[in-house]
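Visitor: I would like a close look at a single part of this protein. Please start with one buried position in a strand, and then set it in the rest of the chain.

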Amino acid sequence: MKFIGIIPARYGSTRFPGKPLAEICGKTVIRRVYEQASQALDTVVVATDDERIYDAVEAFGGKVVFTRADHTCGTDRCLEAYQAITTPMWREQNDHDSVIINIQGDEPFIQPEQIEALMKCFDREDTDIATLIRPFTDKDTREDLENPNTPKVDWNPKTGIARMFSRKVIPESGPYYRHIGIYAYRADVLDKITKLEQSPLEKAERLEQLRWIENGYRIRAALTDIPTIGIDTPEDLEKAIEWYKWNG
């Protein structure tokens with residue numbers, strides 16, 4: 001099985017433009033993501049539509065490819081990057097035994113063991129797509145649970161399959177799990193899901209993974225208890241800097 005890590009990275013974030021190039025204690029966010037992912041994967045590539053990000057990744061010795069600016073989601077950008085670094089003949093021979101791991105470009109402290117947990121999901125032949133989930137704990141408040149910016153997931157612990165994702169609280173009574181937005185897809189599945197039309201449930205929730213479920217794809221969930229720190233706003237960056245000073 002061949003695993004390829006791809007980090008989609010846009011400059012034009014609405015809430016925090018240029019966040020991949022923001023610095024945490026001397027290193028950019030995108031560099032920290034790249035270095036963390038490289039501890040678990042032999043092949044890691046940044047996929048960007050911005051020359052500033054491209055130059056920054058090249059400057060620290062990372063692999064990077066240009067992708068189109070009109071992609072609506074990181075999944076589409078991952079497919080273009082994968083196609084850019086492989087040949088049609090190679091893909092024809094290896095697509096089903098290759099897995100693309102979509103690593104969020106704003107998760108500077110993603111841990112290698114979290115990526116490895118995703119990789120283990122593909123020990124099973126019936127895994128189409130995998131993602132990470134983490135339990136809510138006693139330290140989380142009701143406000144944390146109800147935050148619509150934190151997608152929740154309902155899954156079957158016996159099968160490991162996710163049944164539903166929502167910005168609302170699901171199920172009505174616990175246990176509760178938050179979705180960690182890192183995905184892994186078999187390469188042939190990635191090609192197919194990017195061609196699907198948006199579904200009504202996806203439009204309502206603004207969660208692309210619902211489109212995949214509605215079209216019959218199974219998403220296997222890997223459980224992690226490691227907290228993640230996503231950078232969505234300048235305030236998140238300040239929190240990440242403080243966390244790194246104490247834990248880095």
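Guide: What follows starts at one residue and then moves outward. Keep in mind that this is a predicted model.

Start at Ile6. This residue lies in strand E1, which covers residues 2–9. Is Ile6 buried or exposed? Its relative accessibility is 0%, so Ile6 counts as buried; the cut-off for buried is under 20%.

Which residues does Ile6 touch, once those up to four places away in sequence are set aside? The list holds Val45, Ala47, Cys78, Ala81, Tyr82, Ile100, Ile101, Asn102 and Ile103. Take Tyr82 from that list. In sequence, Ile6 and Tyr82 are 76 residues apart. In space, their C-alpha atoms are 7.8 Å apart.

That pair leads to the contacts of the chain as a whole. Count the contacts between residues at least 6 apart in sequence: 67% of them join residues at least 24 apart. Burial can be put in the same frame. Of the 248 residues in the chain, 53% are buried.

Now the overall form. The chain has 10 helices and 11 strands. Its C-alpha trace spans about 50 × 45 × 30 Å along the principal axes. The radius of gyration is 17 Å, and a compact globule of 248 residues would have a value near 18 Å, so the two agree. The exposed area is about 12400 Å², with 47% of it supplied by carbon and sulfur atoms. As for charge, the chain carries 33 positive and 42 negative charges, and their mean positions are 2 Å apart.

Next, the strand pairs. Strand E7, residues 129–135, pairs with E11 in the parallel sense, over five bridges. One of the bridge partners is easy to find: Thr131 is matched by Ala221 in E11. Strand E11 itself runs over residues 219–223 and is mostly covered, with four of its five residues buried.

Strands E8 and E9 pair in the antiparallel sense, also over five bridges. E8 spans residues 152–156, and E9 spans residues 161–166. Asp154 stands opposite Met164 in E9. The hairpin has four residues between the strands. Gly160, in this hairpin, takes a positive phi near 80 degrees.

Positive phi also turns up at residues other than glycine. Cys25 is one of them, with phi near 50 degrees. Cys25 sits in the loop between strand E2 (23–24) and strand E3 (27–28). Its relative accessible area is 40%, so Cys25 is partly exposed.

Arg206 is another, with a positive phi of about 60 degrees. The loop that holds Arg206 lies between H8 and helix H9 (209–214). Arg206 has a relative accessible area of 62% and is therefore exposed.

Stay with H8 for the last stop. Helix H8 covers residues 200–205, and Glu202 is in it. Is Glu202 buried or exposed? Glu202 counts as buried, because its relative accessibility is 4%. Beyond four places in sequence, Glu202 touches Leu207, Glu208, Leu210, Arg211 and Glu214.

To close, return to the starting point. Ile6 in strand E1 is buried at 0% relative accessibility, and Tyr82 is among the residues that Ile6 touches.

How values were computed. Residues are numbered from 1 along each chain as its sequence is written. This is a predicted model: local features need pLDDT of at least 70, side-chain atom pairs count only at pLDDT 80 or more; totals for chains, interfaces and linings use all residues. Side-chain values use heavy atoms; hydrogens and water are left out. Helices (H or I, at least four residues) and strands (E, at least two) are DSSP runs, numbered from the N terminus. The radius of gyration is taken over C-alpha atoms; the globule rule is 2.2 Å times the number of residues to the power 0.38. Buried means under 20% relative accessible area, exposed over 50%, partly exposed in between (1.4 Å probe, protein chains only). Contact means heavy atoms within 4.5 Å. Accessible areas come from the Shrake-Rupley method with a 1.4 Å probe; for residues, only the protein chains shown count as cover. Lys and Arg count as positive and Asp and Glu as negative; His and the chain ends are not counted. The place of a charge is taken as NZ of Lys, CZ of Arg, CG of Asp or CD of Glu. Two strands pair if DSSP finds at least two bridges between them.
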